[in-house]
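Please open the structure in your viewer and keep the selection panel at hand, since this tour moves from one selection to the next.

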2 protein chains.
Amino acid sequence: MSKSFDLLKPYLDKSAALDMALSALSFDFDTTAPKKAASYTHQAMAILSKESYDALMNNQVKELLDKCLNEDLTTKEKAIVLELQKIYDKLIKIPSELYNENRKLEREAQLAWEEAKEKSDYSIFQPYLEKIIENQKAFIKYREDDQLKGYDVLLNDYEPGFTVEVLDQFFELLKKEIVPLIEKVKNKNHKIDTSFLNRDFDIEKQREFSSWLANYVGFDLSRGIIKESVHPYTTQLHKNDVRFTTHYYKNQLDSAIYSTIHESGHAKYEQGIADNLTLTLVGSGTSMGMHESQSRFYENCVGRNKNFLGPVFNKLKETFPHQLSDVTLLDFYKAVNKFEPGLIRIEADELTYSLHIMVRYEIEKRIFNGEVDTVHLPTLWNQMYQEYLGVTPKNDAEGILQDVHWSGGSFGYFPSYALGSAIAAQIYDHLQSLMPIQEMLTTGDFDKIDEYLQTNIYQFGKTKTTQQLLKDMMNQSFDSSYYIKYLKDKYHAIYEEEE
Amino acid sequence: MSKSFDLLKPYLDKSAALDMALSALSFDFDTTAPKKAASYTHQAMAILSKESYDALMNNQVKELLDKCLNEDLTTKEKAIVLELQKIYDKLIKIPSELYNENRKLEREAQLAWEEAKEKSDYSIFQPYLEKIIENQKAFIKYREDDQLKGYDVLLNDYEPGFTVEVLDQFFELLKKEIVPLIEKVKNKNHKIDTSFLNRDFDIEKQREFSSWLANYVGFDLSRGIIKESVHPYTTQLHKNDVRFTTHYYKNQLDSAIYSTIHESGHAKYEQGIADNLTLTLVGSGTSMGMHESQSRFYENCVGRNKNFLGPVFNKLKETFPHQLSDVTLLDFYKAVNKFEPGLIRIEADELTYSLHIMVRYEIEKRIFNGEVDTVHLPTLWNQMYQEYLGVTPKNDAEGILQDVHWSGGSFGYFPSYALGSAIAAQIYDHLQSLMPIQEMLTTGDFDKIDEYLQTNIYQFGKTKTTQQLLKDMMNQSFDSSYYIKYLKDKYHAIYEEEE
């Protein structure tokens, strides 16, 4: 007898195939398509998006979904059904009129944000932001239940299990432990020279090096490709076709190196999804924070580690013998670990990055607690930057208008960036207790690390939440103290010898 | 009041969007995707293909189509409806059981053909070919009507208006006029040196030259891209995203040059489709023969013309100064126009190419007239090659098993290749009567030629048939005598001075 889930499968498969095509078209558009392709390609993509939506959002699927919830399901089936249920819940609870009106608003708001940022004039964006927040508050009202209230509803979309209660604790610790370090950094960082990173580095040679590096850290080039785009990112058609971009600057050697390692971390996660999960609703990384933990693990814990850099720097000197002839491994290690409080999140170093996120989190929290008016956001932003990072934006463009996220209604998204780094540090600590990590990094032998991540994280896709993965791995849930310890240790290792 | 066509439009748009995605995925697969992507990508593509098929092949569409046939339609709408009608006719007349059984057979036959070709053993393929022909004959029976009978039914799928009657006349003229030239060629071609084409030519430099050349002949690189694949071909997402591949051989300079010009001809046609036709059923070249005429026009009439080669050869010498230092324009011109009867169609020169097609046409005709048994095809093939080209295959692989087409049931397809060259010659003659072509080729000024082709061919897509386009252009239908004259003139220009 055919179970409801079997009847559901063709709908799921159709939606997955359409989503695969959309991923491919989107990546192609960013990296390959001729520049005048946009209008017709987007016209066709809009039709495919609607088809993908309609494939799942219809009465037949809704009925089957309801039946599935009362049937015996395998772990995989159950995870898929719950994922589908989540999509339904989010959409069905919000009146479609309001939902569509809001989509239109977000498109307009994005244009307004672009103009505002270009002119560095928050007043252009403010009325749109006001209305977007109003809609988000209405969405929250429709979506609240016994477990989730207020801002937690939004946080849950990106990082289930990481409520205001959990995040407050996390950011309080950051504030207490990391903010004081910033003052010290300011007094010391002039001693570290990074100027050699700005010499002339041939792009084609950088390209070859990136490809070598991605392969070195375990990105499988027989199941993935590397291309270029302005903002590096990772996407997937399925587990055997994972694609990422990087970006080369002739006079900024470290940029492509670290975006390549970062995206390799994301890409390895997607390449590690179990065969039977790929091309399903649960066939990708479990949450934004866990995904970011995998990219940050490789970028920072591994990629900025002195032992890891030994063989990598040798290869780099082979590639650029002339440009790096007077540079030592220690010079390079210090240069790529130089801490410097700045104004721009995406340019932030490892030590200050999470403080940028803290600013955004605290502002979002106050917004949804009704404690601040949008008119006052620039002032609040600037005060917090001064307080936490010791710097003050000169204008709206490098302050309140910095990120695109809010113009698209993405509230609750930012914390995942910081959680990623914190989870990475916790996993890194755990791995050090299990295996001789430093020796492995020294020799470039990542097999055991990969195997551990593959077995304990990658393969599960969305069938386990972030908190479940952490608990199953180390018998404890998320704990930010590892991150604080990691940052402090690192800070001391880099700066203490400069005393 | 909404017309039936307006109700039909969403179905057509959906199918077009899916087909665009499939073209993009397919091109990506050939040129970009990692090598292990195949199985999941093909699994998803199969679902999208079925969706595209189902989008048009359903009762709602059939009903709307029938209504449309009785309504007032614009030229464009009418063309789209007729195209849809054609797809329906082909599929609806054949019982779906037989149709599906045959698709399965074709998949098996292709594998058998691959094995047979590898082992050079026709007996492996023969039973499959036998069955494929039997099915094709059954299809013909189901599809025959008052106008079209027998082999004409198949020919009509690729080249409406070019029946056995028309083609017999065409090939008879070829046989009478061109076959006698072959003997002469054999006695003269030793005088032309082509060895310099086999020197070492850096692939990256060939790539740059190809890009220059495509742009030089009018391929718009802001609306198209060039990549690489084993067998060069052209595809399109829509008129503003036309993609072709070429293939570089280090020791065969002319290969990439002429595949680049050939594919540029195809690509220009697709880039020239009218805005309001792209992403519709009539938004690409009208027929295989007309498409091939545009590629052959650029490849041969233009690309192997001595005047055209003047500036092109200069650029080539700039690109490869060392390798071509002792080569003159005349040497190059003769080398790329050397005629040599051979056994392999896709390696054939301009003079002998259509004779390869004639062999295949005559065999197909005898097959569908019931005049030959599949067991005797290798003998027949070899006899014809000896008779027309003066060469005899040593084995089945370079004889009867040469082409993949029959294993996929593509009978009636081959003649279009020869028609393409013949139509190209007819258009070339016509253009010479309208404008100073030779001066234009000498200076590389293609504007007037492009404008003429754009206005009289490209823009119409499938809204006019090949015969209609020819008539509207020059007030006469297809006439193969231009092709004979073109080939004879060319032959004499190259060889007479060698006397």
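Begin by selecting both chains of this predicted model: a turn of 180 degrees and a shift of 0.0 Å along the axis lay chain A on chain B with an RMSD of 0.0 Å, the copies being superposed by least squares on the C-alpha atoms of residues with pLDDT of at least 70 in both. That is the relation of a two-fold axis.

Next, select A:Ala21, whose C-alpha lies 3.0 Å from the rotation axis, the closest approach of any residue of chain A. Then turn to the interface, where 100% of the interface residues of chain A are also interface residues in chain B, so the copies meet through the same surface (contact means heavy atoms within 4.5 Å).

Now show chain A alone as a cartoon, in which you can trace 21 helices and three strands, both being DSSP runs numbered from the N terminus, with helices (H or I) of at least four residues and strands (E) of at least two. The C-alpha atoms of chain A fill a box of roughly 70 × 50 × 50 Å along the principal axes.

Colour chain A by burial, and 57% of its 499 residues are buried, that is, under 20% relative accessible area with a 1.4 Å probe and protein chains only. Among contacts in chain A with a separation of 6 or more, 73% join residues 24 or more positions apart.

A note on conventions: residues are numbered from 1 along each chain as its sequence is written, while chains are lettered from A and ligands numbered from 1 in the order in which they are written. Local features need pLDDT of at least 70, side-chain atom pairs count only at pLDDT 80 or more, and totals for chains, interfaces and linings use all residues, while side-chain values use heavy atoms, with hydrogens and water left out.

Technical notes
Buried < 20%, exposed > 50% of the residue type's maximum accessible area, 1.4 Å probe, protein only.
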